[in-house]
Amino acid sequence: MRLYFDWNSTTPPIAAARAAAEAAWANAWGNPASVHAEGRAARALLEESRRVVAELCGARPDGVVWTSGGTEASNLALSSPFEDGKGALVLAPLEHASVTACADQLAQRGVKVRFAGVTRTGHVDVESVARCLGEGDVRLVAIQAVNGETGVVQPFAEIAALAQPRGAVVHVDAVQGVGRIPPPAGGWVGVADTVALAAHKIGGLRGIGALVLRPGHPLRPLLRGGSQERGLRPGTQDAALTAAFAAAARVAFDSVGTYEAVRPLRDRFEAALAGLGAWVNGANPRVAHVVHVSFPGWSSPELVAALDLDGLACSGGAACHAGVTEPSATLKAMFGEPADAGRLLGPVRFSLPPHTTGADVDCAVEIVRKVLARQR
Ligand SMILES: Cc1ncc(COP(=O)(O)O)c(C=O)c1O
């Protein structure tokens with residue numbers, strides 16, 4: 001028996017998403033830009049999927065731009081206001097690499113990049129964002145909804161409320177938030193100007209995501225080419241991927257409570273890991289299904305590999321950094337001081353499935369116990 005406790009890295013496609021894709025591959029496989037019947041069938045499905053995702057996010061259908069995933073959505077959002085290489089960008093160092101790497105590139109082009117502080121609990125410090133805004137000229141503030149490693153829920157609505165009246169665009173990376181926390185009052189685009197989503201984190205397929213826009217938000221394309229997606233994201237779209245995304249999104253928006261039900265089991269698992277010597281990283285408010293711990297004295301890649309061999313899938317940090325030996329930027333931002341160096345070396349993230357049972361947790365604890373005893 002295997003336990004897949006790596007739900008933040010990717011989720012298995014749910015039945016409704018697979019069925020939607022299968023139906024589209026059979027009946028709506030045409031090029032949505034073609035004028036013939038095959039093209040029109042694909043176009044109709046693409047637009048219906050767009051309508052569904054828009055409605056769930058509180059956006060207008062023309063406010064959904066299909067992308068290849070969350071990374072591309074954030075790249076698109078961040079590049080748009082800085083084409084002239086001027087102005088300032090505010091973000092925290094614990095943002096996903098799709099945001100921090102954009103910031104690095106923008107800095108090289110002359111944009112002023114200001115980093116907000118992060119507390120030891122893993123939350124972006126709102127007062128420090130206010131100070132960055134106070135320095136002026138801020139065109140965009142990027143803030144994640146939920147940290148992919150620790151599961152910490154960020155004060156994104158509070159930060160948006162500070163930034164927007166000062167004329168800054170607010171980009172929310174909601175890749176780990178959608179389906180795991182309730183949408184903010186007024187919907188995701190009720191708080192943000194641009195929102196990044198990825199289908200594969202919510203039971204859809206890989207290779208599809210969206211940048212969702214507040215009505216009227218002016219966006220400039222990152223790619224050059226045809227007029228698909230109103231010229232904002234040229235390239236032939238895949239109606240099957242969008243249909244699977246819409247099907248998964250419907251379920252995800254309805255099933256935040258399913259994740260919430262895992263909270264007591266997650267807490268039990270976390271307490272058991274602490275009993276085995278792990279240090280817990282991140283504090284509430286946190287999503288219900290994530291346990292992020294450091295095993296002082298252990299190397300994270302070795303531990304993750306050993307747990308995998310014994311049947312427990314987890315990860316050493318963000319999946320996009322798997323195999324990278326650099327300490328996690330999230331942990332560095334939380335525990336920069338040398339006294340905490342032990343935390344940086346052996347982090348392990350367990351992200352539990354929404355259908356986790358008590359028996360799964362007992363079994364996972366047993367595997368961790370065995371692996372620690374053997375490796376020691
Ligand atoms: C917070 C966050 N943002 C963005 C991404 C990137 O999404 P994608 O893999 O779809 O490009 C991830 C993926 O792990 C993530 O956790």
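**View 1. Helices α1 and α8 pack together in this predicted model**. The close-up shows α1, residues 15-27, against α8, residues 239-254. Their axes lie 8 Å apart. The angle between the two helices is about 155 degrees. Angles over 145 degrees count as roughly antiparallel, and α1 is therefore roughly antiparallel to α8. The crossing of α1 past α8 is right-handed. On the α1 side, the contact is made by Ala16, Ala17, Ala20, Ala21, Ala24 and Trp25. On the α8 side, Ala239, Ala240, Ala243, Ala244, Ala247, Ala248 and Val251 take part. The residues of this contact comprise 13 nonpolar ones, with no polar and no charged residues.

**View 2. Helix α10 packs against helix α14**. Here α10 covers residues 263-275, and α14 covers residues 358-375. The axes are 10 Å apart, and the packing angle is about 15 degrees. Angles under 35 degrees count as roughly parallel, so α10 and α14 are roughly parallel to each other. α10 passes α14 in a crossing that is right-handed. From α10, look for Leu265, Arg268, Phe269, Ala272 and Leu273. They meet Gly358, Val361, Ala364, Val365 and Val368 of α14. By type, the residues of this contact are 8 nonpolar, 1 polar and 1 charged.

**View 3. The chain is assigned two domains, domain 1 and domain 2**. Domain 1 is made of residues 3-11 + 258-375. Domain 2 takes in residues 15-254. Between the C-alpha centres of domain 1 and domain 2 the distance is 27 Å.

**View 4. Domain 1 touches domain 2**. In this contact, 22 residues belong to domain 1 and 26 residues belong to domain 2. Which elements each supply at least two residues of the domain 1 side? They are strand β10 (290-294) and helix α12 (329-334). The largest share of that side comes from α12, with 4 residues. The side of domain 1 that touches domain 2 holds 11 nonpolar, 9 polar and 2 charged residues.

**View 5. A shell of 15 residues surrounds the ligand**. Coming nearest are Gly69, Gly70, Thr71, Gly148 and Ala198. The shell divides into 5 nonpolar, 9 polar and 1 charged residue. Where does the ligand lie relative to the two domains? Domain 1 and domain 2 both give residues to the shell, so the ligand lies between them.

**View 6. A cis peptide bond joins Asn284 to Pro285**. Omega for this bond is near 0 degrees. Pro285 is found in the loop between two strands, β9 (279-280) and β10. Strand β10 also appears in View 4, where it supplies at least two residues of the side of domain 1 that touches domain 2.

**View 7. Glu229 has a positive phi**. The value is about 50 degrees, although Glu229 is not a glycine. Where does Glu229 sit in the chain? Glu229 is placed in the loop between strand β8 (209-213) and helix α8. Helix α8 is the partner of α1 in View 1.

Key: Residues are numbered from 1 along each chain as its sequence is written. This is a predicted model: local features need pLDDT of at least 70, side-chain atom pairs count only at pLDDT 80 or more; totals for chains, interfaces and linings use all residues. Axes are lines fitted to C-alpha atoms, for helices over the stretch in contact, and angles run from 0 to 180 degrees between N-to-C directions. Angles under 35 degrees count as roughly parallel, over 145 as roughly antiparallel, 65 to 115 as roughly perpendicular and the rest as oblique. A crossing is left-handed if the near helix is turned anticlockwise from the far one by less than a right angle, and right-handed if clockwise. Two residues are in contact if their C-beta atoms, placed from the backbone, lie within 7 Å. Ala, Val, Leu, Ile, Met, Phe, Trp, Tyr, Cys and Pro count as nonpolar, Asp, Glu, Lys and Arg as charged, and the others, Gly among them, as polar. A residue is near a molecule or strand if its C-beta atom, placed from the backbone, lies within 6 Å of it. Domain bounds come from an automatic or database domain assignment.
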